[in-house]
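Here are a few short exercises to work through with the model open beside you. Try each task before reading its solution.

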Amino acid sequence: MRLKILIRLKSQILEPQGKTIEQSLVNLGFKDLTNIRQGKLIELDVPDNLETEEKNKLIESACKKLLVNEIIEEYEVLG
Amino acid sequence: MTFKSAVITFPGSNCDRDAVTYLEDLTAGPVYKIWHEESTLPNVDLVILPGGFSFGDYLRSGAMASKSQIIKDVVKHAESGKYLMGICNGFQILTEIGLLQGALLQNNGLKFLGKNCFIKKRNTNTFNKSIDDGKILEIPVAHNEGNFYCNEDTLKDLLDNE
């Protein structure tokens with residue numbers, strides 16, 4: 001099963017890439033597109049035979065051990 | 001008693017050879033060059049994690065290096081109270097390991113900062129004891145993720161510990 005994990009900086013942390021993208025979009029005339037923040041998307045395969053709970057544990061463990069730095073980031077499994 | 005040291009190299013490290021050369025010049029003891037895939041660290045007084053772009057800064061700066069084989073022994077070394085120094089990306093690796101608090105974010109304004117900083121010591125420790133009080137040092141910095149971040153409790157800890 002293919003899963004997507006969305007990782008973003010916590011909302012209280014300034015995300016300079018999003019700010020810069022927003023400025024470029026404003027320059028192109030997209031004045032109504034605001035509060036832009038850029039994150040990361042990780043796609044991966046998990047074995048189909050895993051129960052939902054095992055699958056969740058596996059993903060949570062990988063996120064906490066490597067994929068996400070919880071001091072600055074938060075994540076969401078998009079399914 | 002001879003002073004023994006080790007410098008750890010990751011794929012993408014730089015200035016690791018500079019660190020080795022300095023240590024060879026400044027200390028009488030052996031300087032071990034350690035590849036990150038090695039599983040044991042020799043018994044040394046000081047370990048240096050050098051700067052650079054370990055693992056291409058993929059995922060987050062220092063994230064992959066912090067999970068390298070050799071890091072278990074680096075943590076044991078630190079926990080035994082011996083000296084450990086992280087320079088630049090080495091500092092980022094130490095925060096990713098969790099040996100140092102906080103994390104480093106991309107610089108505000110997306111600028112890669114390469115410039116000289118002027119610093120003065122505010123307390124005396126093993127690494128700076130030979131520097132005269134009040135002396136201003138001109139130290140170069142070069143980084144894209146040098147924006148230190150931590151929560152308020154951690155900040156208070158750090159300031160109280162100064």
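**Exercise 1.** How many bridges join strand β1 of chain A to β3(A), and do the two run parallel or antiparallel?

*Solution.* Keep in mind that this is a predicted model. Start at β1, which covers residues 2-9 of chain A. Five bridges tie β1(A) to β3(A), and the two strands run antiparallel. For one concrete pair, go to A:Leu6: its bridge partner in β3(A) is A:Glu76.

**Exercise 2.** Work out the strand order of the sheet in chain A, and find its edges.

*Solution.* First, list the strands in order: the open sheet of chain A reads β2-β1-β3, three strands with antiparallel pairing. Next, look for strands that pair on one side only: these are β2 (40-45) and β3 (73-77) of chain A, the edge strands. Finally, follow the twist, which averages 25° from one strand to the next.

**Exercise 3.** Which strands does helix α2 of chain A touch?

*Solution.* Locate α2 at residues 52-67 of chain A, where the helix packs on the sheet. Its contacts reach β1, β2 and β3 of chain A. Then compare directions: α2(A) makes about 40° with β1(A).

**Exercise 4.** Describe the contact between chains A and B, and the confidence scores that go with it.

*Solution.* Begin with the count: nine residues of chain A are in contact with 12 residues of chain B. Now sort the side of chain B that touches chain A: five residues are nonpolar, four polar and three charged. Then turn to confidence. The predictor assigns the complex an ipTM of 0.87 and a pTM of 0.92. For chain B, the average pLDDT is 95, with 99% of the residues scoring at least 70.

Methods. Residues are numbered from 1 along each chain as its sequence is written. Chains are lettered from A and ligands numbered from 1 in the order in which they are written. This is a predicted model: local features need pLDDT of at least 70, side-chain atom pairs count only at pLDDT 80 or more; totals for chains, interfaces and linings use all residues. Two strands pair if DSSP finds at least two bridges between them. Helices (H or I, at least four residues) and strands (E, at least two) are DSSP runs, numbered from the N terminus. Axes are lines fitted to C-alpha atoms, for helices over the stretch in contact, and angles run from 0 to 180 degrees between N-to-C directions. Two residues are in contact if their C-beta atoms, placed from the backbone, lie within 7 Å. Ala, Val, Leu, Ile, Met, Phe, Trp, Tyr, Cys and Pro count as nonpolar, Asp, Glu, Lys and Arg as charged, and the others, Gly among them, as polar. pLDDT is the predictor's confidence in each residue, from 0 to 100.
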